[in-house]
Amino acid sequence: MGKKLLVIGEVRDGALRNVSFEAVAAARKINEDGEVVAALFGEGNLEQLGNEMIYYGADRAVVVQHENLKNYTSEGYAQAAMAVIEDENPEGIIMGHTAQGKDLTPKIASRLESGLISDATDIEVDGDDVVFTRPIYSGKAFEKKVVTEGLLFATIRPNNIAPLDRDDTRSGEVAVKDVEIKDLRTVIKDIIRKTTEGVDLSEAKVIVAGGRGVKSADGFKPLEELAEVLGGAVGASRGACDAGYCDYSLQIGQTGKVVTPDLYIACGISGAIQHLAGMSNSKVIVAINKDPEANIFNVADYGIVGDLFEVVPKLTEEIKKLKE
Ligand code: FAD
């Protein structure tokens, strides 16, 4: 393609989120012969993170460091992004379809009077066309989109486009750009995280999710143990959240998070259409349910008909043995 693409990476707690590297891989795929410039925003020294973006495939990086960028606000980050975009004048912009990406990219698109292809799960290059695949109707169908004019602006769904291998022999310029981040109408004073530490649900490769069948907050314990041995995260259906067994931050589905892990283990979840909307594109789905007629079995690659309180601890035990 031979153009210049800008990748907006995401910094959280001083580290880059994996989706930043996936966005670089997406840009590289689109723009094999062109330039891929990474942009990072935050507080403190981001230069090393700029280098990380280069190790994963960017040609160079621009970082905007400002105390008002310590926590994400759409106004602050939009000011930083617009300053970099004005300087670089890229032909395309790629960012992760995360909470931050979903908030920031429409704001930038409207300021640039550009279109935006959101939530791309695949990208193919067909001659001069870049074909984006994205889910529609809550994941029941996929559409393919091509940008015919203007900016090639897209967000990519985490866990769908593999990052390139890290190559720390790669080098490139990391420029620090001064931008005055001012007149913010929103100031974040403090962040109280509801989710426990551990693997981030939207980027997890393995998710063990519980539904109303888990029956209580304590019922999530065996699921947490299984998630831990698999190095994964715990998720939930809205049924489990509504029942007060877990926090809404764990909810997966149409009105919760959309996830695409390599392995999704649904425990005591019936498989309502609104739940499937958030997980049916997982690579391998295992369902554990005592009702053989449960709809979740229609999307599962492997189904276990049984009581989750018997099956889940056995799975954990066997996986522990395999790891020994
Ligand atoms: P249930 O449907 O009650 O299923 C519980 C399952 O557990 C049953 O299949 C049962 O056989 C099984 N079970 C019980 N005990 C055991 C046991 N010991 N061992 C094994 N299996 C057992 N839902 C979401 O999940 N995410 C969303 O984002 C979402 N958004 C919604 C948006 C709207 C507008 C609406 C109307 C609904 C939405 N819902 C969403 C709710 C959705 O319709 C379902 O009500 C919900 O997903 C059901 O949760 P569940 O499968 O945990 O519970």
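This report covers the ligand site, two parallel sheets and one hairpin of a predicted model.

## Ligand shell

The ligand is surrounded by 26 residues. Arg212, Ser237, Thr255, Ser270 and Asn289 are the closest of them. By class, the shell holds 15 polar, six charged and five nonpolar residues.

Three helices each supply at least two residues of this shell. They are H6 (238-242), H7 (273-279) and H8 (308-323).

## Polar contacts to the ligand

Which residues place polar atoms at 2.9 Å from a ligand nitrogen? Ile252 does so with a polar backbone atom. Leu308 does so with a backbone N or O atom. Asp307 uses its side chain instead: a polar atom there lies 3.1 Å from a nitrogen atom of the ligand.

How much of the ligand does the protein bury? Taken alone, the ligand exposes 990 Å². The protein buries 76% of that area.

## The five-stranded sheet

Five strands make an open sheet with parallel pairing. Their order is S14-S13-S15-S16-S17. S14 (233-236) and S17 (302-305) are the edge strands. Each has a single partner strand, so one side of each is left without a neighbour in the sheet. Direction ignored, neighbouring strands are turned by 20 degrees against each other on average.

Inside this sheet, S13 (residues 206-210) runs parallel to S15 (residues 263-267), and five bridges join the two. One pairing sets Ile207 against Tyr264 in S15. In a regular strand, side chains alternate between the two faces of the sheet.

## Helices on the five-stranded sheet

Helix H5 (residues 221-229) lies across S13, S14 and S15. It runs at about 175 degrees to S13.

H8 also packs on the sheet, touching S15, S16 (284-289) and S17. The direction of H8 makes about 135 degrees with that of S16. H8 thus has two roles in this description: it packs on the sheet, and it supplies at least two residues of the ligand shell.

## The seven-stranded sheet

A second open sheet has seven strands, again with parallel pairing. The order is S7-S11-S6-S1-S4-S5-S12. Which strands stand at the edges? They are S7 (117-120) and S12 (174-176). Each pairs with a single strand, so one side of each has no neighbour in the sheet. The twist averages 20 degrees from one strand to the next.

At the S7 edge, two bridges join S7 to S11 (residues 152-156), and the strands run parallel. Ile117 stands opposite Ala154 in S11.

## Helices on the seven-stranded sheet

Helix H2 (residues 47-55) lies across S1 (4-8), S4 (35-42), S5 (60-65) and S12. H2 runs at about 155 degrees to S5.

Helix H3 (residues 74-88) lies across S1, S4, S5 and S6 (92-96). H3 runs at about 155 degrees to S4.

## The hairpin

S9 (residues 129-136) and S10 (residues 141-146) run antiparallel, joined by six bridges. Pro135 stands opposite Phe142 in S10.

Four residues lie between the two strands of this hairpin. What is the sign of phi at Tyr137? Tyr137 takes a positive phi, near 50 degrees.

Terms used:
Residues numbered from 1 in each chain as written. Predicted model: local features only at pLDDT ≥ 70, side-chain atom pairs only at ≥ 80, totals over all residues. Heavy atoms only, no water. Near = heavy atom within 4 Å. Polar contact = N/O pair within 3.5 Å; in protein donor to acceptor, adjacent residues only side chain to side chain. Areas by Shrake-Rupley, 256 points an atom, 1.4 Å probe, with all protein chains shown as cover. Nonpolar A, V, L, I, M, F, W, Y, C, P; charged D, E, K, R; others polar. Pairing = 2+ DSSP bridges. Axes fitted to C-alpha atoms, helices over the stretch in contact; angles between N-to-C directions. Contact = heavy atoms within 4.5 Å.
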